[in-house]
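User: I would like to learn how to read burial, contacts and backbone angles in a model. Please go through them one by one.

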Amino acid sequence: MLEALVCPVTQAPLSYDAEAGELISRAAGLAFPIRNGIPIMLEDEARKLD
C-alpha cells in the first residue's frame, strides 16, 4: 500500500517509520501521522522534521 501513497505537498515518495508510526516525506520535510492504521495525509496534521 505504501507504494501507492505520495506526499500531498510534493508528490514525492514516502518512507515508513514504524517506530514513530509516521509516513515521512523528506522532500517536504514533513512526517504524516498514522492513527488507528489510517495515514492522516493533511499538511496541517503533519509534524515538521528537524
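Analyst: The turns below take up the core, two strand residues and two backbone angles. This is a predicted model, in which local features need pLDDT of at least 70 and side-chain atom pairs count only at pLDDT 80 or more, while totals for chains, interfaces and linings use all residues. Residues are numbered from 1 along each chain as its sequence is written, and side-chain values use heavy atoms, with hydrogens and water left out.

User: Which residues make up the largest nonpolar core?

Analyst: A nonpolar core is a set of buried Ala, Val, Leu, Ile, Met, Phe, Trp, Tyr and Cys residues joined through side-chain atoms within 4.5 Å. Buried means under 20% relative accessible area, exposed over 50%, and partly exposed in between, with a 1.4 Å probe and protein chains only. Here the largest such core has 6 residues: C7, L14, L23, L30, F32 and A46.

User: What does L30 touch, not counting residues up to four places away in sequence?

Analyst: Contact means heavy atoms within 4.5 Å. On that basis L30 touches V9, L23, I24, S25, E43, A46, R47, K48 and L49.

User: Is E22 buried or exposed?

Analyst: E22 is buried, because its relative accessible area is 10%. E22 lies in strand β2, residues 22-25; strands (E, at least two residues) and helices (H or I, at least four) are DSSP runs numbered from the N terminus.

User: With which side chain does the side chain of E22 make a polar contact?

Analyst: A polar contact is a pair of N or O atoms within 3.5 Å; within protein, one must be able to donate a hydrogen and the other to accept it, and residues adjacent in sequence count only if both atoms are side-chain atoms. The partner of E22 is the side chain of R47, at 2.8 Å. Beyond four places in sequence, the contacts of E22 include R47, F32 and I34.

User: Where is I34 found, and what is in contact with it?

Analyst: I34 is found in strand β3, residues 30-35. With a relative accessible area of 26%, I34 is partly exposed. Leaving aside neighbours within four places in sequence, I34 is in contact with Y16, G21, E22, L23 and P39.

User: Which sign does phi have at Q11 and at N36?

Analyst: Most residues other than glycine have a negative phi. Q11, not a glycine, has a positive phi of about 65°. Q11 lies in the segment before β1 (15-17) and is exposed, at 53% relative accessibility. Phi of N36 is also positive, near 50°. N36 lies in the loop between β3 and β4 (38-39), and N36 is exposed with a relative accessible area of 80%.
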